[in-house]
Amino acid sequence: MGLCGSSPDIEVEAPDVDMGYAMRNAKDSYYYVTQQAKVEKNKMKYPFTLHEMNDPEKTKITDVPAEEVKWVDATCEYLAALDDWTIKRVQDNVWRSVMRPTIEPNVDNAVNGAAENVEGFSSLPYFIQSKAKRAARDKAIETSRKKSGFDKRIQDKMLSIALNNMIKAGATINPEFKPPKEEEEGKEEEKKSEAMKDKN
């Protein structure tokens with residue numbers, strides 16, 4: 001690490017993301033899905049057949065013969081969770097309100113420690129130091145988001161909630177449809193704990 005002209009180069013390792021914690025808290029952001037579901041319901045034409053990922057080429061999930069059936073709202077929630085704008089709001093909200101606060105302090109500590117090893121860093125103007133630290137922090141945090149597959153896993157969680165809501169409402173699910181295995185909340189923490197025990 002060093003200086004390139006007047007631009008500091010600070011490198012820190014991207015932290016792991018606790019997806020178990022993310023999953024437990026993602027449910028609060030399902031609100032955005034339910035709001036978009038109202039839009040999807042207004043667009044729906046009956047009878048409607050829902051396929052996996054709303055792709056007619058993929059496996060059928062269920063049928064919605066009329067607006068009066070009890071699972072119509074949950075079906076619309078499934079469609080809403082596939083809406084790009086809606087799911088981006090969900091993903092960003094969970095990341096911003098749930099995950100960033102858990103990893104940001106550790107990243108900041110790492111950035112501050114790494115900055116001390118950059119030759120001449122302490123003599124730079126304060127605003128340049130701040131800008132360099134912020135860039136290093138944001139890069140590490142964004143790398144964590146991509147490395148963990150956070151966005152896809154959050155979308156899968158929203159689709160899973162919608163599917164469970166359909167079943168609870170009485171929808172007949174096609175036995176040939178195999179939903180992605182639902183991620184167990186808190187499972188990652190258990191694995192890490194077991195790994196630590198094995199080391200000891």
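Here a trainee and a mentor talk through a predicted model of one protein chain.

Trainee: Let's start simple: what pattern of helices and strands does the chain follow along the sequence?
Mentor: Start by counting the pieces: the chain has seven helices and four strands. Now read them off along the sequence, and you get β-β-α-α-β-β-α-α-α-α-α.

Trainee: And how much of the chain is buried?
Mentor: A residue goes in that group if its relative accessible area is under 20%. The chain has 200 residues, and the buried share of them is 39%.

Trainee: Among contacts between residues at least 6 apart in sequence, what share join residues at least 24 apart?
Mentor: Here we leave out pairs that sit less than 6 apart in sequence. Of the contacts that remain, the share joining residues at least 24 apart is 79%.

Trainee: Okay, on to helices α4 and α6: is their arrangement parallel or perpendicular?
Mentor: Two packed helices are described by the angle and the distance between their axes. For α4 (residues 84-116) and α6 (residues 150-168), the axes come within 10 Å and cross at roughly 110 degrees. Angles from 65 to 115 count as roughly perpendicular. So α4 against α6 is roughly perpendicular.

Trainee: Is that crossing left-handed or right-handed, and what kinds of residues make the contact?
Mentor: The crossing of α4 and α6 is right-handed. On the α4 side, the contact uses Ile-87, Val-90, Gln-91, Val-94, Trp-95 and Met-99, while α6 brings Phe-150, Asp-151, Lys-152, Ile-154, Gln-155 and Met-158. Sort those residues by type and you get eight nonpolar, two polar and two charged.

Trainee: Gln-155 caught my eye: is Gln-155 buried or exposed, and which residues does Gln-155 touch?
Mentor: Gln-155 lies in helix α6. Its relative accessible area is 16%, and the cut-off is under 20%, so Gln-155 is buried. Leaving aside residues up to four places away in sequence, Gln-155 touches Ala-81, Leu-82, Ile-87 and Gln-91.

Trainee: How many aromatic pairs are there, and how are the rings of Tyr-31 and Tyr-32 arranged?
Mentor: The count comes to two aromatic pairs. The rings of Tyr-31 and Tyr-32 are 5.7 Å apart centre to centre, with 70 degrees between the planes. Planes over 60 degrees apart put a pair in one class, and for Tyr-31 and Tyr-32 that class is edge-to-face.

Trainee: What about Trp-95 and Phe-150: how many residues apart are they?
Mentor: These two rings also form an edge-to-face pair, at 4.9 Å centre to centre and 70 degrees between the planes. Both Trp-95 and Phe-150 are buried. The pair links distant parts of the chain, with Trp-95 in helix α4 and Phe-150 in helix α6, and the separation is 55 residues.

Trainee: Now the backbone: is the peptide bond from Tyr-46 to Pro-47 cis or trans?
Mentor: Most peptide bonds are trans. Pro-47 sits in the loop between α2 (30-43) and β3 (48-51). The bond from Tyr-46 to Pro-47 has omega near -5 degrees, making it cis.

Trainee: Last one: what is phi for Met-53 and for Asn-54?
Mentor: Most residues other than glycine have a negative phi. Met-53 is in the loop between β3 and β4 (60-64), and Asn-54 is found in the loop between β3 and β4 too. Met-53 counts as partly exposed at 34% relative accessibility, and Asn-54 counts as partly exposed at 38%. Both values of phi are positive: near 60 degrees for Met-53 and near 55 degrees for Asn-54.

Definitions and conventions
Residues are numbered from 1 along each chain as its sequence is written. This is a predicted model: local features need pLDDT of at least 70, side-chain atom pairs count only at pLDDT 80 or more; totals for chains, interfaces and linings use all residues. Side-chain values use heavy atoms; hydrogens and water are left out. Axes are lines fitted to C-alpha atoms, for helices over the stretch in contact, and angles run from 0 to 180 degrees between N-to-C directions. Helices (H or I, at least four residues) and strands (E, at least two) are DSSP runs, numbered from the N terminus. Angles under 35 degrees count as roughly parallel, over 145 as roughly antiparallel, 65 to 115 as roughly perpendicular and the rest as oblique. A crossing is left-handed if the near helix is turned anticlockwise from the far one by less than a right angle, and right-handed if clockwise. Contact means heavy atoms within 4.5 Å. Ala, Val, Leu, Ile, Met, Phe, Trp, Tyr, Cys and Pro count as nonpolar, Asp, Glu, Lys and Arg as charged, and the others, Gly among them, as polar. Buried means under 20% relative accessible area, exposed over 50%, partly exposed in between (1.4 Å probe, protein chains only). Rings of Phe, Tyr and Trp (its six-membered ring) pair if their centres lie within 6.5 Å; planes under 30 degrees apart count as stacked, over 60 as edge-to-face and the rest as tilted.
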